[in-house]
Amino acid sequence: MDLIAPRSRGEVEAALAAARDGRRPLLVVGGRTHLDKGNPSPVTAELDLTGLDGLVEHHPAEMLVVVEAGMRCGRLGELLAGHGQEWPVDAPAEATVGGVIAAAASSPRRLRVGPVRDLVLEVELLTGGGRWVRAGGRTVKNVSGYDLCRLMTGSLGTLGVIVQAALKLRPLPKARRTIVAGAGLACAAELLRALPRASAALVTPAGIELRLEGWPEDVEEQTRRAVELLGDDAGIVDDAPFPEALGLWTAPVVVEVAVAPSKLPAVVEAVVGSRATAATFGTGLAPGTDGVGRDTWAALAGVGICWVGLEDSGAALEGLRAVVAELGGIAPVVRGHGGLGAAPQAPIVQQRLKHAFDPAGVLAPGRFWGGL
């Protein structure tokens, strides 16, 4: 497969024009950390945007930064940390800003910081048809009509090539603390009712990791209330990475289940309960530290996301998706083979958007939901 590595907007434009003229489908790539998300696409070349990695503007007082889409998240984090700020997507250091936006990658702290679409104020992109578009606005609530900025978030590079983005920042927390306890989703829900400003409640087979962030006084007060609920079972860890390294990310296949938060217990029950190991998933669950251990699944209470590690993309994945579909959710693979899952024909509005943005079908055809 050919690799095209533009270093300017003009070179991006030339590459897309050549792809249209030669009817050669392209796959836009960055740090390749989220490349497995999406259906297989018959592309003949990759358009690598890591050469477009400049810092365009930074306005610390306005909590705003504008960067080119190829900037690595690790480098961006270092630049912002000097001003006591962060773009809170918790992406791998080698991931690119454009890739995180295109994949709509979920942060473990989504409960507190929100989804990626809420952290992107503006994008500049070149559509598959060759038009330059600026979507969104650099001030909050400065968009009327169809929100193209949100449309591009999660589009998997099938509508346009994002070359620049204005990002919404937040202050780095002055204090960070993780409280661990051997409890499950029911306890996590109780904790979140008592601590509505918690950053995350991650539940694994080993228990809960409750993340608290903010001013030291606030974190101390939240800790006191959490310990009152958890009792002597609670352990306290300051300034540790969150979450602790999850072995499930080394599984051959990792699925990101998304359901309504109220349906999350049913997903976990299906994974580890009587419905899971034999009746539904066969033997496809990736082994954890104790058969079905901490490294098999991880659920974000209050959000409705559950990551599940599987041995392959066969019957185990099909069984999981069947359960999730009954619950009204989705289960795309985010690591390994398996794609987004079976989906009915894309709605007319999505088909029209694809045709309007990419009439020649040169941007990863078939990669998106519904085969678009």
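Visitor: How many aromatic pairs does the structure hold?
Guide: This is a predicted model, where local features need pLDDT of at least 70, side-chain atom pairs count only at pLDDT 80 or more, and totals for chains, interfaces and linings use all residues. Residues are numbered from 1 along each chain as its sequence is written, and side-chain values use heavy atoms, without hydrogens and water. Rings of Phe, Tyr and Trp (its six-membered ring) pair if their centres lie within 6.5 Å. The number of aromatic pairs here is one.

Visitor: Are the rings of W249 and W307 stacked, edge-to-face or tilted?
Guide: Planes under 30 degrees apart count as stacked, over 60 as edge-to-face, and the rest as tilted. The ring centres of W249 and W307 are 5.9 Å apart. Their planes meet at 55°, so the pair is tilted.

Visitor: How many residues apart in sequence are the parts that this pair ties together?
Guide: W249 lies in the loop between β14 (235–238) and β15 (253–258). W307 sits in strand β17 (residues 305–310). Strands are DSSP runs of E, at least two residues; helices are runs of H or I, at least four; both are numbered from the N terminus. The separation is 58 residues.

Visitor: Is W307 buried or exposed?
Guide: Buried means under 20% relative accessible area, exposed over 50%, and partly exposed in between (1.4 Å probe, protein chains only). W249, at 33%, counts as partly exposed. W307 has 4% relative accessibility, so W307 is buried.

Visitor: Which residue shares a side-chain polar contact with E46?
Guide: E46 belongs to strand β3 (residues 45–48). E46 is buried, at 14% relative accessible area. A polar contact is a pair of N or O atoms within 3.5 Å; within protein, one must be able to donate a hydrogen and the other to accept it, and residues adjacent in sequence count only if both atoms are side-chain atoms. At 2.6 Å, the partner of E46 is R32.

Visitor: What arc do the buried residues of α7 cover?
Guide: Helix α7 spans residues 216–230. Its buried residues are V219, Q222, T223, A226 and L230. They lie on the same side of α7, because their arc, taken from the directions from the helix axis to the C-beta atoms, is only 110°.

Visitor: Which exposed residues does the face of α7 turned away from its buried side carry?
Guide: The buried residues of α7 pack against β11 (175–181), α6 (185–194), β13 (207–214) and β14. The face turned away from that buried side carries E217 and E228.

Technical notes. Expected span 1.5 Å × (residues − 1). Contact = heavy atoms within 4.5 Å.
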